[in-house]
Structure formats: C-alpha cells, structure tokens
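Open the model in your viewer and keep the sequence panel visible. The stops below go one selection at a time.

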Amino acid sequence: MLYLHDVWVNWFEGEENGYSVCHFHEWRKEDAIELLDQVPLLYITETLYNYIENDMHDLPKALLDSIYKRAYTRKGQKRSVVEYACIVTDGNDILAFDTIGYSIPIRKSRLIPRQEQLVFDMIANTKAQSFKFVESDYQKEYHMLSMSPELIFGLTRKERQLKQLLMIGLDQLKTTNNREELRYWLTEWDPKQYPAIRYMDEDTVWETLYNGVKEGWSPTHEELCMKLIRGQPFLEKMWEAEIGPEHDTSNQK
C-alpha cells in the first residue's frame, strides 16, 4: 500500500461531477482547507476513476476494504482515524475522497500541484487495479441539474456555480410549466423573439429557452439568473456567496 503524508485537501461535499471539484488554482481563502496526516494512494483503472470522480454511487467493496481506517487527519496535536478516505489516480488525473463512513464518495478534493507530481512519481512502476469494477454495469447520465461537461468546460468557478443556480431556477419553471410564465422568461432572455413567442405552446417555449441558455456563460445569463431566483432566500444566499451582498438581488430593478 502506498501512502502520502501531510496532504492538503479542500473538500467539496455532495458534488456528483468532477468539474465541480475545483483544482488548486480555483481554491479560495474562505474554503475550509484540511490536513490529512496520512492517506492511502491507489492507482486504479480509468473506468473506475471516472466512476468515482463523476458520480456518487457505491464504491467496490474490495476498494473500501483495502483503505479501511488507513487514513488519518491532524488538527493541532490531535490525530484522528478516517474510516474510508484515499487518493485515487488513473495516471492522468488525481482525486482524493472521503466517504464520511458511508460507501459512496461524499467528499472530494483535488491536491496541490507539488503533491500531484509526487503521486505520479510514486505510481511510476506500479500497475492499475480494477477492484473487480465492471464498466458494463454502469452508465453515467446527465440532465439539467447535472449538466454534461461540454456545457461547463471553460467556465470559471464562479460561472459554474451561477450556471448551476440558473439551472435550478429553470428546473422550477419546467416543473410549474405555466405557459405565460415561460413566455415571460423567454422574452426576458431574448426580447427579439417576442412576436413569435406569443404563438408558442409550453413545450416550444421551454425548448427555445433551455437551448438558448444552456451553452456558455455571459452577462445576459447572469442577469437572467439574478431575476429568476429573486424572492427565494435559499437561492439568493447561493447567489450572494458568488456575487457578494453588494449585488443583492432584492436591490436590483
């Protein structure tokens, strides 16, 4: 068993997709950085790595058994055992995870560049393990609240977070499926289409709106997001976390 020591991690909890687990250059000073005193390192197959990085399903029992209580955290002079935590790599990418006692990777983190290089050095003369993971049993599915990477790549951490927030707002619209409300928001997004919007049914309005906003990110996306979540305290808090209280949605006209 390979181990790394004194590993800095920045846990992103409940993130299904790897693109939401920020690399070191996107870490923020307000993030809760932790120190792992010791953590196992596993060199695994690409299919198993993708399964861990881009989903939240049960991990292979053989993998969990191999890392059980082999990781430790340190806070000051206190050293605490972690039930199931380790660093995994497929030889190209690297991810740390902690199941917090469950069998799925609840918390995920990237490593700092120096420790990433150390991982690659340590696995140089070893072989990848599959832990009996069968790729044919697994199929990744994307949807509005778990967007395909092509719709996310190239965006900054702030833009990714706001786009997720926009998708939550759009999902609420779709669930309500009110024709006049859908027409209103499509007009907000693309006023030039107003003459045609008046004659669209719910499905056409929805498809036009979603297909219009799903690609990329722009000030127009941000403005739509701000207006769409106004009056919803939980979503407004998420907005303020990215934009700041000086851009409180309640103060916008």
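Start with a single pair. Select F97 and K108: F97 stands opposite K108, which belongs to strand β8. This is a predicted model, so treat the tour as a walk through a prediction.

**Strand β7 and its neighbours**

Extend the selection to residues 107-109, which make up β8. β7 and β8 run antiparallel and are joined by 3 bridges.

Now look at the other partner of β7. Select residues 85-89, strand β6. Here 5 bridges make the connection to β7, again in the antiparallel sense. Pick C86 in this strand: its bridge partner in β7 is F97. F97 therefore deserves a label, with C86 as its bridge partner and K108 opposite it in β8.

Follow the chain from β6 to β7. The two strands form a hairpin, with 4 residues between them. Stop at G91 in that turn, where phi is positive, at about 95 degrees.

How many residues of strand β7 are buried? Select residues 94-98 and colour by accessibility: 5 of the 5 are buried, so the strand is largely enclosed by the rest of the structure. Buried here means under 20% relative accessible area. Show the side chains next. I94, A96 and D98 point one way, while L95 and F97 point the other way. Both sets are buried.

**Just past β7**

Move on to I100, in the loop between β7 and β8. Check its backbone: phi is near 45 degrees, a positive value in a residue other than glycine. With a relative accessibility of 40%, I100 counts as partly exposed.

**A second hairpin**

Select residues 71-75 and 78-82, which are strands β4 and β5. They pair antiparallel over 5 bridges. K75 has K78 as its bridge partner in β5. The hairpin leaves 2 residues between the strands. G76 sits in the turn and has a positive phi of about 65 degrees.

**Two stops among the helices**

Go to N177, in the loop between α4 (157-176) and α5 (179-189). Its phi is near 55 degrees, positive although the residue is not glycine. N177 is partly exposed, at 36% relative accessible area.

Then select G212 in helix α7, residues 202-213. G212 is partly exposed, with 29% relative accessibility. What does G212 touch, leaving aside residues up to four places away in sequence? Display W189 and H221: these are its contacts. For a distance check, draw a line from the C-alpha atom of G212 to that of L186. It should read 9.0 Å, although the two residues are 26 apart along the chain.

**Zoom out**

Colour by domain: domain 1 covers 2-124 and domain 2 covers 149-243. Their centres, taken over C-alpha atoms, are separated by 34 Å. Where they meet, 8 residues of domain 1 are in contact with 11 residues of domain 2.

Now show the whole protein chain. It contains 9 helices and 8 strands. Its C-alpha atoms fill a box of roughly 65 × 45 × 30 Å along the principal axes. Of its 253 residues, 46% are buried. Among contacts between residues at least 6 apart in sequence, 68% join residues at least 24 apart.

Finish with the surface. The accessible area comes to about 13700 Å², and 48% of that belongs to carbon and sulfur atoms. Colour by charge for the last view: there are 30 positive and 42 negative side chains, and the centres of the two sets lie 4 Å apart.

Key. Residues numbered from 1 in each chain as written. Predicted model: local features only at pLDDT ≥ 70, side-chain atom pairs only at ≥ 80, totals over all residues. Heavy atoms only, no water. Buried < 20%, exposed > 50% of the residue type's maximum accessible area, 1.4 Å probe, protein only. Pairing = 2+ DSSP bridges. Contact = heavy atoms within 4.5 Å. Areas by Shrake-Rupley, 256 points an atom, 1.4 Å probe, with all protein chains shown as cover. Lys, Arg positive; Asp, Glu negative; His and termini not counted. Charge placed at Lys NZ, Arg CZ, Asp CG, Glu CD. Domains from an automatic or database assignment.
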